[in-house]
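Hi,

Here is the structure I promised to pass on. Have a look at it first, and my notes follow underneath.

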Amino acid sequence: MMASMASASLDGDCSVQWQEQVRTAISQRQLLALRGGGTKQFLGRGVEGMTLDTRAHRGILRYDPTELIITARAGTPLTDIEAALAERGQMLACEPPHFGAQATFGGMVAAGIAGPRRPWVGSVRDFVLGCRLIDGHARHLRFGGEVMKNVAGYDVARLMAGSFGCLGVLTEISMKVLPVAACRLTLRLELDAAMALRQLTSWASQPLPITGACHDGQALYLRLEGGNGSVESSAKRLGGLVADDSFWLALREQQLPFFTDSQSLWRLSLPPATPLLNLPGTQLLDWGGAQRWLRSEADADTLRRVVSEAGGHATLWRAGTHSGISTFHPLASPVLALHQRLKAQLDPAGVFNPGRMYSDF
Amino acid sequence: MNLLYDERFDGALPEIDKHGLLADLQRLLPSVAILHTNEDLRPYECDGLSAYRTVPLLVVLPDTIDQVQALLRYCHERRVPVVARGAGTGLSGGALPLAKGILLSLARFNRILEVNPQACIARVQPGVRNLAISEAAAPHGLYYAPDPSSQIACSIGGNVAENAGGVHCLKYGLTVHNVLSVEIITIEGERMTLGSRALDSAGLDLLALFVGSEGLLGIVVEVTVKLLPKPEVAKVLLASFTDVRDAGRAVGAIIGAGVIPGGLEMMDNLAIRAAEDFIHAGYPVDAAAILLCELDGSPDDVAADSKRVREVMQQCGATEVRVARDENERRQFWAGRKAAFPAVGRISPDYYCMDGTIPKRALPQVLEQIEVWSREFGLRVANVFHAGDGNLHPLILFDANQPGELDRAEQFGGKILELCVAVGGSITGEHGVGREKINQMCAQFCEDELTVFRAVKAAFDARGLLNPGKNIPTLARCAEFGAMHVHHGNLPHPELERF
């Protein structure tokens, strides 16, 4: 209730004001710390600088369910977006986590984090169609658009997904949305993690309506979404017991018991079909095994080496006893150099969230 | 209008001594990898945009990554422009050679390196044909989803460069949604991996930036793609309409009803008749428009969706809705659509294919305007659309042997693209900018936005040696040819030199 009242009183276009703020920052060599609701602030390095809070710039600008596209200002609360879509039977199919009531649309894109549906339906960047942003010369520009297909110029809009505000200030974003499936069912199968991974691998090459697969250390949870027919027939085939759908929200928001612990929390992103990795600590498997959460105080370099050798990367999601460790997996040197050149080209004064992702840019 | 590289508007290119270059490359590469006689160079003078041709200085056909690296290092050092080419099927002139540059063909990189049915991925060299990937995956019940109509010939490297689409994009996405990683060689000869076999990678999403960059940012030497399980069944509905606008409304209504078809295509009367004459697909030749709607998935879901879609189509005024009785008829229905371009080729000596995208709600307005211009320019238009995602392919019919007709067709096409931009769409949905739409880029993007594109380019290729003149226009070109408004007789950009 409070949030929606605030929304009404704060509604407005702040882009001109921000352009001025960015212009000043550039000329006075100030650093800007971009933030939305601050719900993903814990990820990445802290930024020293003048705060540019995007939440005042809010509102859904265009939403036409038959176009499957929503366009909203970056500061719009994520809950407002989801409510508007739900009213028309649609959703942000990448199922982004909120991590708090203050989560914004822009912050969701800047962090680029997708939820349990990711492997089967797509990532945040997969659904980004266009954006407006204030660039490193304080210009308010538009990239991509409000159409499904658009290959004119470089895809700067998708580049913004997961860029943690290091390349510019997002002011508006257009995203593709999808209809909510007619039918949904959650199953719980009593399997150990290794067996679950083997099963998931064999199911992956079959046309099953799976849109969630998580092993929480005890059992395998599967979510089926589709028409009544496919969900019912697949449920019969897959076996297990019907479980509560609320599992997926708790998983997405990291509210399962697994996540309530003070140990370091690692996110491991691994190629599909990677067997169970032998790492010290406790694991929870999401994304059918392609995203694994590890609670562990193991040595960061060793852990990252094991994950790299398996073809993946490891993010230090929440540091327990670890300190001075880069949040994000170190980049190969030519790729890091390319990041630095890109940052220097797009934000020559280096004002936007410097060092947020890596200390080197 | 002549769209060949013009140093006055596209930037000066270094003068290169062909004999010296040839001698140097012969030291770097095996002699079979270099073509230099006029007779050998001629087949490479154009891609699918065959109205424009330029014989390149040399053609190089390496077959190892080391050779590509050696070549690019040399070109970087000596400032030799490089145009990459896959199968040469592109429709926007993205692989149109430069008279002062090397054409780098990736045709010899034609091996499928790995098909992994457990991880549902395939790792292939860039010269592998799109359809060959699906064929290699088929024994495992898997396929590669993007299916541009040139899929029997086009290569995956070219698909990455163009972010190729196809008729199933609305449901299964474009190339960018189906590629997991690419190995690239930069103009400096450095090898790097963008993306990974995992579903995401550390750092910025450079893979998303790279896909669709039209050979301007790097050379792809390996691609890892995602494979999908084949849907159990696919069913096609063919609906006839007496008014194109009704067909347009039906498209929105189907999607509004919560159905995402595997494919949703529209053809207008001229396209229907041309296709029917050619393929005998059983199309209703009196219809103003037809919709082809493919639904795929599990048998139960497809049955439920097709019932729903049929109702929606009838509510929107369809005079007839037919469901393909069997696989044969389904193929027949699609054959007409897939042969629409060559079918139009039979009723006109030449045609010019546009590729604009629009919000679906603008469809009636855009179609009416195209019809008005068709009369004004005295040129017929056959309309074929990927209706589900608002991607138009108006085919402008003309005869290049009639003086002035190509010019008129290009002017007409340019107006259509500018209209697409004006209604909130894009000048290209899947064919790319290449050389063909270089001037219309000035209508879609403002000068500052183009400057950002140039900054991206500079981060990858500071000397501007990879595919110069394509994709991103110079300010000088926009000032000269761009669709900018001239107020009170003042030319835009008075600060720029005029040639």
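Into which domains is chain A divided? There are two: domain 1 covers 2-179 and domain 2 covers 183-252, with bounds that come from an automatic or database domain assignment.

Before going on, some housekeeping. This is a predicted model, in which local features need pLDDT of at least 70 and side-chain atom pairs count only at pLDDT 80 or more, while totals for chains, interfaces and linings use all residues. Residues are numbered from 1 along each chain as its sequence is written, and chains are lettered from A and ligands numbered from 1 in the order in which they are written.

Back to chain A. The centres of its domain 1 and domain 2, taken over C-alpha atoms, are 31 Å apart. Where the domains meet, seven residues of domain 1 are in contact with eight residues of domain 2 (contact means that the C-beta atoms, placed from the backbone, lie within 7 Å). On the domain 1 side, that makes four nonpolar, one polar and two charged residues (Ala, Val, Leu, Ile, Met, Phe, Trp, Tyr, Cys and Pro count as nonpolar, Asp, Glu, Lys and Arg as charged, and the others, Gly among them, as polar).

One residue to click on is Q41(A), which sits in the loop between β1 (32-35) and β2 (50-53) of chain A. Strands here are DSSP runs of E with at least two residues, and helices are runs of H or I with at least four, numbered from the N terminus. Is Q41(A) buried or exposed? In between: Q41(A) is partly exposed, because 17 other C-beta atoms lie within 10 Å (20 or more would make a residue buried, 12 or fewer exposed, with C-beta atoms placed from the backbone). Its C-alpha atom is 9.6 Å from that of F164(A), although their positions lie 123 residues apart along the chain.

Now for chain B. It has 19 helices and 18 strands. Its radius of gyration is 23 Å, close to the 23 Å of the globule rule for 499 residues, so chain B is as compact as a globular protein of that length (the radius is taken over C-alpha atoms, and the rule is 2.2 Å times the number of residues to the power 0.38). Of those 499 residues, 57% count as buried.

Finally, how many residues does each chain bring to the contact between them? Chain B brings 78 and chain A brings 69. α18(B) gives the most to the chain B side, with eight residues. That side divides into 34 nonpolar, 28 polar and 16 charged residues.

Cheers

Notes. Two residues are in contact if their C-beta atoms, placed from the backbone, lie within 7 Å.
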